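This report describes the fold, the surface and the charged side-chain pairs of a single chain. The structure is shown first, and the description follows.

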Amino acid sequence: MELLEDVSLPDATLEDFAFVYGGLDVLGGYQLEVNWLHKRIDQMALLLKLPALRDRLEKISKEMEEVEVAAMRLRNRKKKLEGRIADHESASSGSFDRSSYAGQGLRR
């Protein structure tokens, strides 16, 4: 029991939990019912990982924001290029014969 009293959040480490799990295995070897305690220790161990998971979530959220900004820039560039293409197509439509060449109509 002293083993369990020494492990408290937030000061506990993964090594502490490994030590506690080892102690629970020993108690289980004496045919003591420790499943309920094992579940409680599992819950505590998950809480220990929570800050790291939150950090990962924050990092991924920032990466997503950067990707969204880059995607918006690309959409704007695409829109500008589509506008330029439309301008060029409208300027070249009509009486312009695409089969002609630059020197056509010049006399020597």
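Of the 108 residues in the chain, 10% are buried. The model under discussion is a predicted one. The accessible surface of the chain amounts to about 9,800 Å², and carbon and sulfur atoms account for 57% of that area.

The secondary structure consists of 3 helices and 0 strands, which gives the pattern α-α-α when read along the sequence. Helix H2 covers residues 14-29, and helix H3 covers residues 35-92. When contacts between residues at least 6 apart in sequence are considered, 43% of them join residues at least 24 apart.

**The loop between H2 and H3**

Gln-31 is located in the loop that links H2 and H3. The phi angle of Gln-31 is near 65°, a positive value in a residue other than glycine. Most residues other than glycine have a negative phi. Gln-31 counts as exposed, because its relative accessibility of 71% is over the 50% cut-off.

**Surface patches**

A nonpolar patch on the surface is formed by Val-26, Tyr-30 and Leu-32, which together have about 340 Å² of accessible area. One of these residues, Val-26, belongs to helix H2 and is partly exposed, at a relative accessible area of 48%.

A second patch carries negative charge and is made up of Glu-63, Glu-65, Glu-66 and Glu-68. Among them, Glu-65 is placed in helix H3. With a relative accessible area of 52%, Glu-65 is exposed.

**Salt bridges**

How many salt bridges does a search of the whole structure find? The search finds 2, and they are listed below.

| Pair | Closest N to O distance | Relative accessibility |
|---|---|---|
| Glu-58 and Lys-62 | 3.4 Å | Glu-58 45%, Lys-62 46% |
| Lys-78 and Glu-82 | 3.7 Å | Lys-78 52%, Glu-82 43% |

Glu-58 and Lys-62 are 4 residues apart in helix H3, so about one helical turn separates them. Lys-78 and Glu-82 also lie in helix H3, again 4 residues apart, or about one turn of the helix.

Are the partners of these bridges exposed or partly exposed? Glu-58 is partly exposed, and so classified too is Lys-62. In the other pair, Lys-78 counts as exposed, whereas Glu-82 is partly exposed. For Lys-78 this follows because its relative accessibility of 52% is over the 50% cut-off.

Technical notes: Residues are numbered from 1 along each chain as its sequence is written. This is a predicted model: local features need pLDDT of at least 70, side-chain atom pairs count only at pLDDT 80 or more; totals for chains, interfaces and linings use all residues. Side-chain values use heavy atoms; hydrogens and water are left out. Patches are made of residues with over 30% relative accessible area and no salt bridge: like charges are joined within 9 Å, nonpolar side chains (Val, Leu, Ile, Met, Phe, Trp, Tyr) within 5 Å. Accessible areas come from the Shrake-Rupley method with a 1.4 Å probe; for residues, only the protein chains shown count as cover. A salt bridge is a side-chain nitrogen of Lys or Arg within 4 Å of a carboxyl oxygen of Asp or Glu. Helices (H or I, at least four residues) and strands (E, at least two) are DSSP runs, numbered from the N terminus. Buried means under 20% relative accessible area, exposed over 50%, partly exposed in between (1.4 Å probe, protein chains only). Lys and Arg count as positive and Asp and Glu as negative; His and the chain ends are not counted. The place of a charge is taken as NZ of Lys, CZ of Arg, CG of Asp or CD of Glu. Contact means heavy atoms within 4.5 Å.
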